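Biologist: Before we begin, could you take me slowly through this protein, one question at a time, as you would for someone new to reading structures?

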Amino acid sequence: MKVIVVGAGVVGTMHAWHAVERGHEVVHIEREAEARGASLRNFGQIWVSGRAGGEELDTALRARELWEGIGARVPGLGFRAIGSLTPVRNDLERAVAEAAAARPDAAARGYELLTADEARAVNPALRGEFEAALWCERDAAVEPRTAQLALREALLATGRYTFLPDREVRDVVGEHAVRDDRGEVHGGDAVVLCTGAWLSGLVREVAGEIPVRRVRLQMMQTDPLGEPLTTSVADADSFRYYPAYASGALDALNAGQAQDPTAAAHRMQLLMVQRLDGGLTIGDTHEYEHPFAFDTLEDPYEHLTRVVESFLGRPLPKVRRRWAGVYAQCVDTTRVVHRQKVRDGVWLVTGPGGRGMTCSPAIAETTANELGW
């Protein structure tokens, strides 16, 4: 079988990976020299902890298993089974963490409520003030800026994979084929369009208006911290954002503790992970209303800096870079991904939202299973 994959972000790359793993030939087409969208502009977190129970959690857990296996074969991914800690500072926040740790699926997530001393034993860099922390053992991390490059190198070594950069697919031609902007036609037995947040042009032509929206975020990365940050770190605002934390305790938190005005205005949470070079990737914000701004705002960065410094008990290292990104999210956020047959032999896979890096191996595996690869 020959599979044509359009889009070299993490979702597209994982579709290519599963096709090659099953013995097929892959032609992988990317409109830029390499992917430069949400697949690079994220935390690199394999984030199990906040996922909704049911299909979303099952997908994340399967993806976590797949990431670990692929990481053992492709060291360049930088896979690390580091877990995460969410420190809490008062009774209202602690009650949400306690409710999460009491969930029926808490063991599958690796949830455990730790005392402050126990949390500092797990992550000694957290020298600031907090009362307790929710530990999630199943969370992990990879290196987002280099993951696709490492996977591509491994795919190229198989001899069954061809990468065609700097080609924008303009048309679907008949069944199982696409035409790029150089006029070349690429045909096979199946075509998978993994176009990320590119929802106009070809996508609109072949699929119409789909139930997927674009979301913009701001993030930043620092110089090396100078010591290990041994886990990912979130703050209690993540309780307000992720569906796993829905509970009466969360209702009480929302009613009794107003979110910081800057965090509320920009729909913020803290997520933080250390890169292999020692720097910290920190975010993020969420913007849903179009048109998106073309610039970044400083207030969210200042808020994140205050929160991080309060947990670390020390000044943040110099910020090395700031950026904005855009990802595609299903309007019905309970859906893990939008998967649609748009022509005979042609499928569109998009809209995982902030779950793309976490769930992409399992999303691609499901596509491969459903298409009978």
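Modeller: What follows is a set of questions and answers about a predicted model, taking its sheets, then its helix pairs, then two single residues.

Biologist: In the open sheet of eight strands, which strands are the edge strands?

Modeller: This sheet has mixed pairing, and its strands follow the order 5-6-4-14-15-16-13-17. From one strand to the next the twist averages 25°. An edge strand pairs on one side only, and that holds for strand 5 (111-115) and strand 17 (319-330).

Biologist: Within that sheet, which residue of strand 16 is the bridge partner of Met272?

Modeller: Strand 15, made of residues 271-274, pairs with strand 16, made of residues 280-283, in the antiparallel sense, and the pairing runs over four bridges. Looking into strand 16 for the bridge partner of Met272, one arrives at Ile282.

Biologist: At about what angle to strand 13 does helix 11 run?

Modeller: Helix 11 (residues 298-312) lies across several strands, including strand 4, strand 13 (212-222), strand 14 (232-234) and strand 17. Helix 3 (residues 91-101) also lies across strand 4 (84-88), together with strand 5 and strand 6 (132-136), and runs at about 145° to strand 5. For helix 11, the angle to strand 13 is about 55°.

Biologist: Turning to the open sheet of six strands, what is the average twist from one strand to the next?

Modeller: The order of the six strands is 8-2-1-12-19-18, and the pairing is mixed. Strand 8 (161-164) and strand 18 (338-343) are the edge strands, each of them pairing on one side only. From one strand to the next, the twist of this sheet averages 20°.

Biologist: Which residue of strand 12 stands opposite Val3?

Modeller: Strand 1 (residues 2-6) pairs with strand 12 (residues 190-193) over four bridges, in the parallel sense. Following that pairing from Val3 across to strand 12, the residue standing opposite is Ala190.

Biologist: How many of the five residues of strand 2 are buried?

Modeller: Strand 2 pairs with strand 1 in the parallel sense over five bridges, and Val6 has Ile29 of strand 2 as its bridge partner. Helix 1 (residues 10-21) packs on this sheet and touches strand 2 (25-29) among others, its direction making about 165° with that of strand 2. Strand 2 is mostly covered, and the number of its five residues that are buried is four.

Biologist: Are helix 1 and helix 6 roughly parallel or roughly antiparallel to each other?

Modeller: The axes of helix 1 and helix 6 (residues 147-156) come within 10 Å and cross at roughly 20°. Angles under 35 degrees count as roughly parallel. The two helices, helix 1 and helix 6, are therefore roughly parallel.

Biologist: How many residues in the contact of helix 1 with helix 6 are nonpolar?

Modeller: Helix 1 passes helix 6 in a left-handed crossing. Helix 1 brings Val10, Thr13, Met14, Ala16, Trp17 and Val20 to the contact, while helix 6 brings Gln148, Leu151, Ala154 and Leu155. No residue of this contact is charged and two are polar, while the number of nonpolar ones is eight.

Biologist: How are helix 3 and helix 9 directed with respect to each other, roughly parallel or roughly antiparallel?

Modeller: The axes of helix 3 and helix 9 (residues 248-256) come within 8 Å, and they cross at roughly 160°. Angles over 145 degrees count as roughly antiparallel. Helix 3 and helix 9 are therefore roughly antiparallel.

Biologist: Is Gly83 buried or exposed?

Modeller: Gly83 is placed in the loop between helix 2 (55-73) and strand 4. Leaving aside neighbours within four places in sequence, Gly83 is in contact with Trp135, Cys136, Glu137, Asp139, Thr231 and Ser232. Because its relative accessibility is 0%, Gly83 counts as buried.

Biologist: How far apart in space are Met220 and Tyr301, C-alpha to C-alpha?

Modeller: Met220 is in strand 13, and at 0% relative accessibility Met220 counts as buried. Not counting residues up to four places away in sequence, Met220 touches several residues, among them Leu280, Ile282, Tyr301, Leu304 and Trp323. Met220 and Tyr301 are 81 residues apart in sequence, and their C-alpha to C-alpha distance in space is 7.7 Å.

Definitions and conventions:
Residues numbered from 1 in each chain as written. Predicted model: local features only at pLDDT ≥ 70, side-chain atom pairs only at ≥ 80, totals over all residues. Heavy atoms only, no water. Pairing = 2+ DSSP bridges. Axes fitted to C-alpha atoms, helices over the stretch in contact; angles between N-to-C directions. Contact = heavy atoms within 4.5 Å. Parallel < 35°, antiparallel > 145°, perpendicular 65-115°, else oblique. Left-handed = near helix turned anticlockwise from the far one by under 90°. Nonpolar A, V, L, I, M, F, W, Y, C, P; charged D, E, K, R; others polar. Buried < 20%, exposed > 50% of the residue type's maximum accessible area, 1.4 Å probe, protein only.
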